[in-house]
Amino acid sequence: MAYIFQEESRTFSEYLLVPNLTGKADLPQNVDLSTPIVRYRKGHEESRLRINLPVTSAIMQAVSNDTLAIALARSGGLSFIFSSQPVASQVDMVRRVKKYKAGIVTSDSNLTPDRTLADVIRLKEKTGHSTIAITDDGTANGRLLGLVTSRDYRISRTSPETPVRDFMTPFDQLIYAHEGINLSEANDIIWDHKINQLPIIDQDGRLAGMVFRKDYDEHKENPTELLDAQKRLIVGAGINTHDYMERVPALVEAGADVLCIDSSDGFSVWQSETLQWVRGQYGDQVMVGAGNVIDAEGFRYLAEAGADFIKVGIGGGSICITREQKGIGRGQASAVLAVAQARDQYFEETGIYIPICSDGGIVHDYHMTLALAMGADFIMLGRYFARFDESPSRRLLVNGTYVKEYWGEGSNRARNWQRYDDGVIDDDDRKMAFEEGVDSYVPYAGKLKDNLDLSMAKIRATMCACGSTAIEQFQQNARLVVVSSTSIVEGGAHDVIQKESERRS
């Protein structure tokens with residue numbers, strides 16, 4: 001007969017945290033929310049990749065494009081650019097994130113001096129950049145001849161056919177620095193000379209890079225920015241088990257820092273084959289996560305296959321209907337607890353710690369804190385991020401309320417059969433036999449940073465109430481209690497008439 005798990009399938013809403021003694025040092029400003037996200041030998045080395053906030057955005061069309069990836073990385077979290085798109089367009093998104101913030105950046109707006117104002121305007125519209133480097137060959141590494149900024153011309157007074165050389169700021173009037181200067185020194189020059197950009201040239205006068213004042217200002221406003229060794233934003237990308245031989249090399253070349261196999265059910269030979277191929281091609285140089293799984297067997301399988309992190313959760317997403325369509329899944333709280341226990345046992349046996357990511361089941365902010373307490377090293381969120389200005393979906397006015405569109409990767413709108421199909425086939429027109437996701441709306445919530453700052457403040461406050469100032473300490477110290485249906489009602493506002501102006505959305 002079928003095996004029956006004795007534990008009930010429970011959700012986050014069925015648990016509460018029991019406070020521990022709060023010490024004098026347990027203050028929100030002392031809480032460190034950074035966390036490792038790829039495997040390492042705990043106690044002997046540091047994880048090769050850590051994020052400053054324990055949140056990542058879901059690998060979904062309606063969530064993780066380049067604009068959200070930029071906003072989230074600037075706040076300290078990580079996005080995985082969605083994979084249900086052509087390789088070329090996913091690569092372009094990754095490149096835009098990597099170019100957005102780099103301290104000393106490679107100029108991607110360049111022209112020759114014989115081009116015209118019309119060319120300047122077209123390039124500005126294409127890139128959104130108002131500073132254009134003028135080089136002898138129009139490339140990012142040509143000999144620097146001058147700069148064009150919005151202060152060098154007036155569209156109303158300058159003919160579109162005017163050559164760039166007639167209105168650019170020539171090289172002999174520029175403030176510049178030589179290759180080898182560090183970012184701190186470059187910023188000092190920018191401030192001392194009251195300029196907005198500083199070209200960096202090599203010994204032959206060729207453009208080596210640019211430093212912008214706005215990058216310094218923005219970093220001061222975002223002290224937890226997630227940056228790589230070259231001061232570029234860190235970004236992840238989703239892959240699948242079908243076209244990985246083409247997609248992975250392209251994403252690696254584009255600069256993706258970490259990859260993740262996107263699948264509703266990761267306990268499969270195809271995920272193992274994908275991981276083995278990546279290891280055969282790149283060794284340990286390319287970091288790649290796998291999933292999703294909901295029990296110890298699934299975790300162990302992907303751990304032994306070489307996954308750098310493992311995602312947990314089947315059917316818990318707000319737009320996911322896998323459980324009612326297929327009858328498979330597990331309450332998210334139960335899944336996280338089971339896989340965290342398997343993760344810890346694997347560490348005891350091997351000395352290798354493999355972070356786990358809780359994916360799905362988050363309804364309220366406190367559910368994030370519960371997921372961390374139960375053993376998740378970080379959390380993946382879809383609906384949460386879909387609500388913000390920076391997500392790629394449209395904002396609409398529906399019945400007098402602003403909403404954002406939000407659809408699942410298992411919906412016919414997404415047409416992401418690669419995520420749900422079994423095996424490798426070459427049929428580009430393949431469609432899903434039935435949907436595992438819905439097309440919906442979520443309430444519009446404004447800017448990512450404002451909302452994320454509030455959510456993280458709640459996590460910090462709860463951790464302090466539990467006597468913890470770091471995620472690992474929180475996992476070791478946390479005490480949980482199962483709640484009854486009536487105590488859930490008791491936990492909210494009840495037996496009062498709330499004032500209309502104070503009602504929560």
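**Exercise 1. Find what share of the contacts with a separation of 6 or more joins residues 24 or more positions apart, then describe the overall build of the protein.**

*Solution.* Start with the contacts: among those with a separation of 6 or more, 65% link residues 24 or more positions apart. Keep in mind that you are working with a predicted model. Next, list the building blocks: the protein has 16 helices and 25 strands. Now turn to compactness. The radius of gyration is 25 Å, close to the 23 Å that the globule rule gives for 505 residues, so the protein is as compact as a globular protein of that length. Along the principal axes, the C-alpha trace spans about 80 × 55 × 55 Å. Last step: buried residues make up 53% of the 505 residues.

**Exercise 2. Decide whether Leu111 is buried or exposed, and work out its surroundings.**

*Solution.* First locate the residue: Leu111 sits in strand β8, residues 110–111. Then apply the cut-off, which is under 20% relative accessible area for a buried residue. Leu111 has 6% relative accessibility, so it counts as buried.

Now look at its partners. Leaving aside residues up to four places away in sequence, Leu111 touches Asp119, Val120, Leu123, Ile132, Ala133, Ile134, Thr135 and Gly138. Thr139 is 28 residues away along the chain, yet the C-alpha atoms of Leu111 and Thr139 are separated by 7.0 Å.

Helix α3 (residues 117–127) completes the picture. Its buried residues are Leu117, Ala118, Asp119, Val120 and Leu123. These buried residues pack against β8, β9 (132–135) and β10 (144–148). Just after α3 comes Gly128, with a positive phi of about 80°.

**Exercise 3. Classify how helices α6 and α7 cross, and say which residues meet.**

*Solution.* Begin with the geometry: the axes of α6 (residues 244–254) and α7 (residues 269–282) come within 11 Å and cross at roughly 45°. That angle makes α6 oblique to α7. The crossing of α6 past α7 is right-handed. Now name the partners: Tyr244, Met245, Val248, Pro249 and Val252 of α6 meet Glu273, Thr274, Trp277, Val278 and Tyr282 of α7. Sorted by class, this contact has 8 nonpolar, 1 polar and 1 charged residues.

To read such a list, a general rule helps. An α-helix has 3.6 residues a turn, so residues three or four places apart point the same way.

**Exercise 4. Repeat the analysis for helices α11 and α14.**

*Solution.* The axes of α11 (residues 365–373) and α14 (residues 448–465) come within 9 Å, crossing at roughly 50°. That makes α11 oblique to α14. The crossing is right-handed. On the α11 side, the contact is made by Asp365, Met368, Thr369 and Leu372, and on the α14 side by Ser455, Met456, Lys458, Ile459 and Thr462. By class, you get 4 nonpolar, 3 polar and 2 charged residues.

**Exercise 5. Examine the backbone at Lys231, Asn399 and the bond between Gly291 and Asn292.**

*Solution.* Take Lys231 to begin with: its phi is near 65°, a positive value in a residue other than glycine. Lys231 belongs to the loop between α5 (213–221) and β15 (236–239). With a relative accessible area of 41%, Lys231 is partly exposed.

Move on to Asn399, which has a positive phi of about 55° although it is not a glycine. Asn399 lies in the loop between β22 (395–398) and β23 (401–407). Its relative accessible area is 79%, so Asn399 is exposed.

Finish with the peptide bond: Gly291 and Asn292 are joined in cis, with omega about 10°. Asn292 has its place in strand β17, residues 288–293.

Key: Residues numbered from 1 in each chain as written. Predicted model: local features only at pLDDT ≥ 70, side-chain atom pairs only at ≥ 80, totals over all residues. Heavy atoms only, no water. Axes fitted to C-alpha atoms, helices over the stretch in contact; angles between N-to-C directions. Helix = DSSP H or I, 4+ residues; strand = E, 2+ residues; numbered from the N terminus. Parallel < 35°, antiparallel > 145°, perpendicular 65-115°, else oblique. Left-handed = near helix turned anticlockwise from the far one by under 90°. Contact = heavy atoms within 4.5 Å. Nonpolar A, V, L, I, M, F, W, Y, C, P; charged D, E, K, R; others polar. Rg over C-alpha atoms; globule rule 2.2 N^0.38 Å. Buried < 20%, exposed > 50% of the residue type's maximum accessible area, 1.4 Å probe, protein only.
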